[in-house]
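Open your viewer and follow the stops below in order. At each one, make the selection and then look around.

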Amino acid sequence: MMKLILIGFMGSGKTTISQFLGQQLAEPVLDLDREIERQQQQTIPQIFAQSGEKGFRQIEHDVLQQSIGFSGILATGGGTPLRADNLQLLRQAGVPVILLVASPAETYRRLQQQDNRPLGNKLDVAGIRQLQRDRQPFYDRCADVSIMTDDRTPAEITQEIIKYLQK
């Protein structure tokens, strides 16, 4: 049975924290973006370049639908909750949905260390702030709890999530 779902903006720590949680809870981890890349045999930037954001979002929905019964921890993509049908799948999964949050400045800093973000690599701090604002209502409709990740180690964030799960 699925244990939990991580959602949040790009760079909020979903992939990293899912790995830590998987180790701590001895649960398998499914990263939706990696699963999309595996199934499509293309990177996310390649899919965006070939199919556009709309095409990518359809692939993402299809893979989410297949993955929702996964036994373990699911880390979604930053934009996964933006589609109404995805939001519904996440809400109906019957497991805690945990929103990881990073400030715009911290998000910008993290994204500078990666070059595989078709949307994020074009944004400055103001652009990140605006996109986070635009997406926040979708995250809020989905999340059971929000956890701030700025100035905290992955181990500290993982412990906070485990405490939440034990309630």
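Two residues are in contact when heavy atoms lie within 4.5 Å. Keep that in mind for the packing stops. Remember also that this is a predicted model.

**Stop 1: the sheet**

Select the strands. Five of them form an open sheet. Read across it in the order E2-E3-E1-E4-E5. The pairing is parallel. Now go to the edges, strand E2 (29-31) and strand E5 (145-148). Each edge strand pairs on one side only. Turn the sheet and follow its twist, which averages 25° from one strand to the next.

**Stop 2: one pair of strands**

Select residues 4-8, strand E1, and residues 73-75, strand E3. Three bridges join this parallel pair. Which residue of E3 is the bridge partner of Ile5? Pick Leu74 to see that partner.

**Stop 3: a helix on the sheet**

Add residues 125-142, helix H6. H6 packs on the sheet and touches E1 and strand E4 (97-101). The direction of H6 makes about 145° with that of E4.

**Stop 4: helix H1**

Select residues 14-25. Helix H1 has twelve residues. From first C-alpha to last, H1 reaches 16 Å, close to the 16 Å expected at 1.5 Å a residue.

Next, colour the buried residues of H1: Lys14, Ile17, Ser18, Leu21 and Gly22. They sit on the same side of H1, because they cover an arc of only 140° around the axis. What do the buried residues of H1 pack against? Show E1, E2, E3, E4 and helix H7 (154-166) to find out.

Step past the end of the helix. Ala26 follows H1, and its phi is positive, near 50°.

**Stop 5: Asn86**

Select Asn86 in helix H4 (residues 84-91). Is Asn86 buried or exposed? Its relative accessible area is 0%, so Asn86 is buried. The cut-off for buried is under 20%. Now show what Asn86 touches: Glu60, His61, Leu64 and Thr80, leaving aside residues up to four places away in sequence.

**Stop 6: Gln46**

Finish at Gln46, in helix H3 (residues 44-67). Its relative accessibility is 40%, so Gln46 counts as partly exposed. That class lies between the 20% and 50% cut-offs. Last, draw a distance from the C-alpha of Gln46 to the C-alpha of Gly69. These two residues are 23 residues apart along the chain, and their C-alpha atoms are separated by 27 Å.

Definitions and conventions
Residues are numbered from 1 along each chain as its sequence is written. This is a predicted model: local features need pLDDT of at least 70, side-chain atom pairs count only at pLDDT 80 or more; totals for chains, interfaces and linings use all residues. Side-chain values use heavy atoms; hydrogens and water are left out. Two strands pair if DSSP finds at least two bridges between them. Helices (H or I, at least four residues) and strands (E, at least two) are DSSP runs, numbered from the N terminus. Axes are lines fitted to C-alpha atoms, for helices over the stretch in contact, and angles run from 0 to 180 degrees between N-to-C directions. Buried means under 20% relative accessible area, exposed over 50%, partly exposed in between (1.4 Å probe, protein chains only). The expected span of a helix is 1.5 Å times one less than its number of residues. The arc is that of the directions from the helix axis to the C-beta atoms.
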